[in-house]
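Take a look at the structure below. We will follow its pocket and then turn to its cysteines.

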Amino acid sequence: MEKLLLGYRKPTPEEEEKCKDNAVRKEYKTKRFVHTDIRPYYQLDEGTKEYDRCISECLPLIAEQ
């Protein structure tokens, strides 16, 4: 949600293919505001899901501050 609020968008199928290259993905992220993790949760890789779970677990602590 954060990335959408910052103006990022999900990649087109063509961009998705190009973003398999890390250098291209970085360029698309910084210059074109394309983020490859904007997709349904079940389509995310396990590392990204774990990151999201950690952030979600910490939200109550953040809200207290």
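Sort the amino acids into classes before looking at the pocket. Ala, Val, Leu, Ile, Met, Phe, Trp, Tyr, Cys and Pro count as nonpolar. Asp, Glu, Lys and Arg count as charged. The others, Gly among them, count as polar.

This is a predicted model. Start with the empty space. Rolling a probe the size of a water molecule over the atoms shows where such space is left. The largest pocket has a volume of about 510 Å³. Its lining is made by 15 residues. Met1, Glu2, Lys3, Asp37 and Asp52 lie nearest the centre of this pocket. Two elements give two or more residues to the lining: helix H1 (2-5) and helix H4 (46-64). H4 supplies the largest share, 6 residues. By class, the lining of the largest pocket has 7 nonpolar, 5 charged and 3 polar residues.

Now turn to the cysteines. How many disulfides does the structure hold? It holds 0. Why is cysteine 54 not bonded to cysteine 58? A disulfide needs two cysteine sulfur atoms within 2.5 Å. The closest cysteine sulfur to that of cysteine 54 is in cysteine 58, and it is 6.8 Å away, so it is too far for a bond. From the other side, the sulfur of cysteine 58 has its closest cysteine sulfur in cysteine 54, again at 6.8 Å and too far for a bond.

Are these two residues open to the outside? Cysteine 54 is partly exposed, with a relative accessible area of 36%. Cysteine 58 is also partly exposed, and its relative accessible area is 36%.

Definitions and conventions
Residues numbered from 1 in each chain as written. Predicted model: local features only at pLDDT ≥ 70, side-chain atom pairs only at ≥ 80, totals over all residues. Heavy atoms only, no water. Buried < 20%, exposed > 50% of the residue type's maximum accessible area, 1.4 Å probe, protein only. 1 Å grid on protein atoms, 1.4 Å probe; cavity = no way out; pocket = protein on both sides within 12 Å on 5 of 7 lines; lining within 4 Å. Points joined across faces, edges and corners; volume = space filled by probe spheres on them. Helix = DSSP H or I, 4+ residues; strand = E, 2+ residues; numbered from the N terminus.
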